[in-house]
Amino acid sequence: MLYRENALRHEPAEAAGIAENFQRLGVKIGNNLFTGHDRVSPADLHKADLLHNIYLGLFKHIMEWVEGFLKKHKRQQALYNAWKESPPYPGFSVPKKTYREITQWQGKEMRNLGHCISAVLASALRIPDSSQY
Amino acid sequence: MAQYGGQTAGTLSYRESYLQTFHGTKVIFLEFRTMKATRAQANRQDRELRELMVDQRAKEVRHGTVANRRRLADQERVERSDRWADLIRRENHFNFIKMHCLTHFASHVRRFGSISMYSAEIGELAHKDQIKEGYRRSKKNEAARQILSHYGRQHALGIRLQTIEALSKVEGVIVGEDSDMEMPTVPSRSTPRVVLKGRMKNTRTLTEICTALDIHYSNLMEEILRFIRQTAADERRLPADRAELGLLPVEGFAQLEIRVPEVQETDRFQIHRARCTGTRAFRNGGSRNDWVWVQTGGEANYGDLRGRVVARLLGLFKIRNILSEAAAVHRLALVRILDLINGGRFHIPSGQLRVSNRINGRDMPIVSIGAVIGQAQVIPSGEKQWIVNHRIDLRTFNEIY
């Protein structure tokens, strides 16, 4: 069902409730470029995007948090060392630069890091001292 | 989980449970999720507090000792730090759009199909292959039409090649394109799963192999004899006499090509190229002796690894038994096997599998190359210990859990 047809299904009172709810959340309701076109459903246009949502989006955020966490516990260098020593594997490029030398992370590099981050992080966090439990 | 080419109700439910675990544990990182505005606000608050403290101190009569003044300064510093941390903790949150988008992934898969189908990566790569490459090959004058025809041509040829490949896979029968006739062909031999590649120079005898691999001759001979004793006593078997064995022709190789079935596919394979250069350099770098999985036991052995062990490839060679009538060729791999920590079971707190150098017993056996089932990735973790990266690809993730 198209977005416009879908929207018309709501009763005015119900629509007002929805608008109020969004206002409370701080979300502004407006019409975008695709609103009102025949056979176009703006609500269906958005698709989950692996590249920008996961690899260059959320994963980049997670790496910042992980770096902050390791910096606090003085384990940053251990992560860099373990990552640099990752052996080759089909579909995985062995890092040529150290972690800090890479200034611009591209989708492929992020995906590469995503494949090994769990094991690399476990290696960096090995043998915690008494203050790190 | 989002990488699966095809999603089922099972994979979606796994995805949901992993997401729940993530949301349940993400609070560990809350203190590191500080936005610029929050950091600026915290700095402003800290500056104001410091100024306030300086003013208060100036108003007070200075009659304390040096130790008292130092204690007071320490207290102020601790208070400022606490206030700063309180504000950061209060203001930090995970309420941002990319985090919210994750909740829609399952419904998107149900409505539109696998996520990887509509990843922007495909569009970005297409821009390079279809537009930029097309423009590069054009006359740079009225390039639009040339770009379109270039890609059309490339695409048609690609489809044509795929059709030929698919037809050739139909064993013994090739269907003529313009007629309904079916043409019988010579039955093709099935492709071997594991193949030796990259013949090494000057490795025609066991002595030369030992020199190339930097292994003592008697050690290698001992391992070969042990391998022979384990094989069936038929005419293909290698001679168990050291002198006879030393005379047999040998060839050393630097690469093992393994066909590994792709996950969720029945007729597509990924080629793993495990390198083993011994002491020789690989492409102007250091020597390369890759990690591999070796199947040495049944499904019930070695805990979660189900009969497989991690090993480093030390040498690849084939040896022909010219002393027997069958003149059988044996393709062998010398490997260094690692021990499994915790009996090959996952370490529950970290969710990782660990392996270490073998302390007792033989760690350098010879196996048939058929026992090598694929490449492995292990990450160094301390002195002579490694962590098995079971999340390196979907296949390993599905086989080891």
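**Close-up views of a two-chain model**

**View 1. A:I18 in its helix.** A:I18 sits in helix α2 of chain A, which covers residues 12-25. The model shown here is predicted. At 31% relative accessibility, A:I18 counts as partly exposed, because that class lies between under 20% for buried and over 50% for exposed.

**View 2. A nonpolar patch on the surface.** A:I18 belongs to a nonpolar surface patch. Its partners there are A:F22, A:L25, A:V27 and A:I29. Together the five residues have about 430 Å² of accessible area.

**View 3. The largest nonpolar core.** This core holds 45 residues. A:L79, A:W83, A:L113 and B:I115 have the most contacts inside it. Chain A supplies at least two residues from each of α4 (50-72), α5 (76-84) and α6 (107-124). In chain B, α1 (9-25) and α5 (105-112) each do likewise. The top contributor is α6(A), with nine residues. In soluble globular proteins, nonpolar side chains tend to be buried together.

**View 4. Contacts of B:I115.** B:I115 touches A:A48 and A:L50 of chain A. In chain B, B:I115 touches B:A2, B:F105 and B:V109. Residues up to four places away in sequence are not counted.

**View 5. A second core.** A separate nonpolar core has 22 residues. Among them are B:I209, B:I215, B:F317 and B:I319.

**View 6. Helix α7 of chain B.** This helix has 27 residues, 143-169. At 1.5 Å a residue, α7(B) should span 39 Å, and its end C-alpha atoms are 39 Å apart, so the two values agree. B:A143, B:I147 and B:H150 are buried in α7(B). The cover over the buried residues of α7(B) includes α6 (120-137) of chain B.

Notes: Residues numbered from 1 in each chain as written. Chains lettered and ligands numbered in written order. Predicted model: local features only at pLDDT ≥ 70, side-chain atom pairs only at ≥ 80, totals over all residues. Heavy atoms only, no water. Helix = DSSP H or I, 4+ residues; strand = E, 2+ residues; numbered from the N terminus. Expected span 1.5 Å × (residues − 1). Buried < 20%, exposed > 50% of the residue type's maximum accessible area, 1.4 Å probe, protein only. Contact = heavy atoms within 4.5 Å. Patch = residues over 30% accessible without salt bridge, like charges linked within 9 Å, V, L, I, M, F, W, Y side chains within 5 Å. Areas by Shrake-Rupley, 256 points an atom, 1.4 Å probe, with all protein chains shown as cover. Salt bridge = Lys/Arg side-chain N within 4 Å of Asp/Glu carboxyl O. Core = buried A, V, L, I, M, F, W, Y, C linked by side-chain atoms within 4.5 Å.
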